[in-house]
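Dear colleague,

I am handing over the structure below, and I would be glad if you kept it open while you read the notes that follow.

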Amino acid sequence: MLVKPQHKHGPKAEMNVVPYIDVMLVLLVIFMVTAPMLVQGVKIELPKVAAEALPVENERQILTLSVKADGGFYWNLGSELDIDNQTDSAVDLAELQAKVGAIIAERGDTQVYVRADEAADYGRVVAGIAELQRGGVVNLGLITEAPPGVGQP
């Protein structure tokens, strides 16, 4: 008669997770290396809806660019943020790049703020931002207005 030897410990049904951890670490490294290469687009920092006002350096020149609902551009150039007045305007993107590019070439530390009409085409706004970037703008901010009732007691 055949008798199996009795072991003090029975077979263990535990899964060995060490290979899975190795695979996860390799994938993590791959994604960390490739993720920065996949980023494309216009580089901006979007403000929150209830954002605090940005601190403004007094010696900096500020250009406030507005995009109208019909797709036209106008701006105000001054020492402070001004959305009510108009210094100059542009009908198309080439004119925008030429005029704003000349301003940026004259003074490279100019801070540009972009605001758009709610009915303005998003593609037109992004195209304007891209032209600003091609014109040499490196400091760009977006202006938003809080919806009615937000941030009010």
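**What was found**

With a relative accessibility of 57%, Met32 counts as exposed, because the word applies to residues over 50%. Please keep in mind that this is a predicted model. Met32 is located in helix α1, which covers residues 18–34, and it joins Met15, Val17, Tyr20, Ile21, Leu25 and Leu28 in a nonpolar patch on the surface, whose members together have about 740 Å² of accessible area.

Turning to the interior, the largest nonpolar core has 17 residues, and those that touch the most other members are Leu65, Trp75, Leu96, Val100, Val112 and Leu132. At least two residues of this core come from each of β1 (62–67), β2 (73–78), α2 (93–106), β4 (111–116) and α3 (122–134), with α2 giving the largest share, four residues. Leaving aside residues up to four places away in sequence, Val100 touches Trp75, Leu132 and Val137.

The structure also holds two salt bridges. In one of them, the side chains of Glu95 and Lys99 meet at 2.9 Å, N to O, and both residues lie in helix α2, four residues apart, which is about one turn of the helix. Glu95 counts as partly exposed at 25% relative accessibility, and Lys99 counts as partly exposed at 27%.

In the salt bridge between Arg134 and Glu131, the closest N and O atoms are 2.3 Å apart, and both residues belong to helix α3, three residues apart. Here Arg134 is exposed, at 55% relative accessibility, whereas Glu131 is buried, with a relative accessible area of 12%.

With kind regards

Technical notes
Residues are numbered from 1 along each chain as its sequence is written. This is a predicted model: local features need pLDDT of at least 70, side-chain atom pairs count only at pLDDT 80 or more; totals for chains, interfaces and linings use all residues. Side-chain values use heavy atoms; hydrogens and water are left out. Patches are made of residues with over 30% relative accessible area and no salt bridge: like charges are joined within 9 Å, nonpolar side chains (Val, Leu, Ile, Met, Phe, Trp, Tyr) within 5 Å. Accessible areas come from the Shrake-Rupley method with a 1.4 Å probe; for residues, only the protein chains shown count as cover. A salt bridge is a side-chain nitrogen of Lys or Arg within 4 Å of a carboxyl oxygen of Asp or Glu. Buried means under 20% relative accessible area, exposed over 50%, partly exposed in between (1.4 Å probe, protein chains only). A nonpolar core is a set of buried Ala, Val, Leu, Ile, Met, Phe, Trp, Tyr and Cys residues joined through side-chain atoms within 4.5 Å. Contact means heavy atoms within 4.5 Å.
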